[in-house]
Amino acid sequence: RCTRVRLMLNVNDGNGAVADAAERACRSALHEAVTALRATKAKLSETLEPLAYAYGKTDGESLFETVVESPSSYLNDSRPAFREVAAAAAAHEKAILAAGQARMELEAFLTQRKAEAQKGG
């Protein structure tokens, strides 16, 4: 969303309203990505409990870490708790990437806007 709005920067309405709208869109996209990241982290944390219950705290945590390090290897595991951890870990990985992308887009936008302001001013 931020990238599409960023392209509108080439349109100058004289008072920066387009650039302001683009900045708000970038910040909103980042906020949404961070909110999703927090939600996936919480979901991932919840998936530890069944493993700790079934295998004991130490072994459950060890198994949890193993699945989190390679979630794609466990997405089709016969054990439901392992599949749940794998799915949550995969979703969390995607959320991390999305948040990073949103952050980079905002930073690129702000850099571009600063450069254009320095050219014009």
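How accessible is Arg113, and does that make it buried, exposed or partly exposed? In this predicted model, Arg113 comes out as partly exposed, at 22% relative accessibility. That puts Arg113 on the partly exposed side of the cut-off, because buried means under 20%.

Arg113 is a good place to start with the charged side chains. Its partner is Glu23, and the closest N and O atoms of this salt bridge are 2.5 Å apart. The two residues come from distant parts of the chain: Glu23 belongs to helix H2 (residues 17–46), Arg113 belongs to helix H5, and 90 residues separate them. The pair does not stand alone, as Asp20, Glu23, Arg27 and Arg113 are linked in a network of salt bridges. Over the whole structure, the search turns up 7 salt bridges.

Helices H2 and H5 also meet through another pair. Lys43 and Glu84 form a salt bridge with an N to O distance of 3.7 Å. Since Lys43 sits in helix H2 and Glu84 in helix H5, this contact ties together parts that are 41 residues apart in sequence. Both partners are partly exposed: Lys43 has a relative accessible area of 40%, and Glu84 has one of 35%.

A further salt bridge joins Asp77 to Arg79, with 2.7 Å from N to O. Here the partners fall into separate classes of accessibility. Asp77 is buried, with a relative accessible area of 12%, whereas Arg79 is partly exposed at 33%. Arg79 has another role in the picture, as it lies over the face of Phe82, at 3.7 Å from the ring centre.

Phe82 leads on to the aromatic side chains. The structure holds 2 aromatic pairs. Tyr55 and Phe82 make an edge-to-face pair, with 6.0 Å from centre to centre and 85° between the planes. This pair, too, links distant parts of the chain, with Tyr55 in helix H3 (residues 48–55) and Phe82 in helix H5, 27 residues apart. Phe82 is buried, at a relative accessible area of 2%, while Tyr55 is partly exposed, at 36%. The rings of Tyr74 and Phe82 also have their centres 6.0 Å apart, but their planes meet at 35°, so this pair is tilted. In this case both residues are buried. Taken together, Tyr55, Tyr74 and Phe82 form one aromatic cluster.

Tyr74 and Phe82 turn up again in the nonpolar interior. They belong to the largest nonpolar core, which has 10 residues in all and also takes in Leu44, Leu51, Phe64, Val67, Val85, Ala86, Ala88 and Ala89. Two elements give two or more residues to this core, namely helix H4 (57–69) and helix H5 (80–120). Helix H5 supplies the largest share, 5 residues. Among the core members, Leu44 touches Phe64, Val68, Val85, Ala88, Ala89 and His92, leaving aside residues up to four places away in sequence. Separate from this set is a second core of 8 residues, including Ala22, Ala33, Ala99 and Leu106.

Helix H5 thus recurs in each part of this account. Arg113 and Glu84 carry its salt bridges to helix H2, Phe82 its aromatic pairing with Tyr55 of helix H3, and 5 of its residues go into the largest core.

Notes:
Residues numbered from 1 in each chain as written. Predicted model: local features only at pLDDT ≥ 70, side-chain atom pairs only at ≥ 80, totals over all residues. Heavy atoms only, no water. Core = buried A, V, L, I, M, F, W, Y, C linked by side-chain atoms within 4.5 Å. Buried < 20%, exposed > 50% of the residue type's maximum accessible area, 1.4 Å probe, protein only. Helix = DSSP H or I, 4+ residues; strand = E, 2+ residues; numbered from the N terminus. Contact = heavy atoms within 4.5 Å. Phe/Tyr/Trp six-rings, centres within 6.5 Å; stacked < 30°, edge-to-face > 60°. Lys NZ or Arg CZ within 6 Å of the ring centre and 35° of its normal. Salt bridge = Lys/Arg side-chain N within 4 Å of Asp/Glu carboxyl O.
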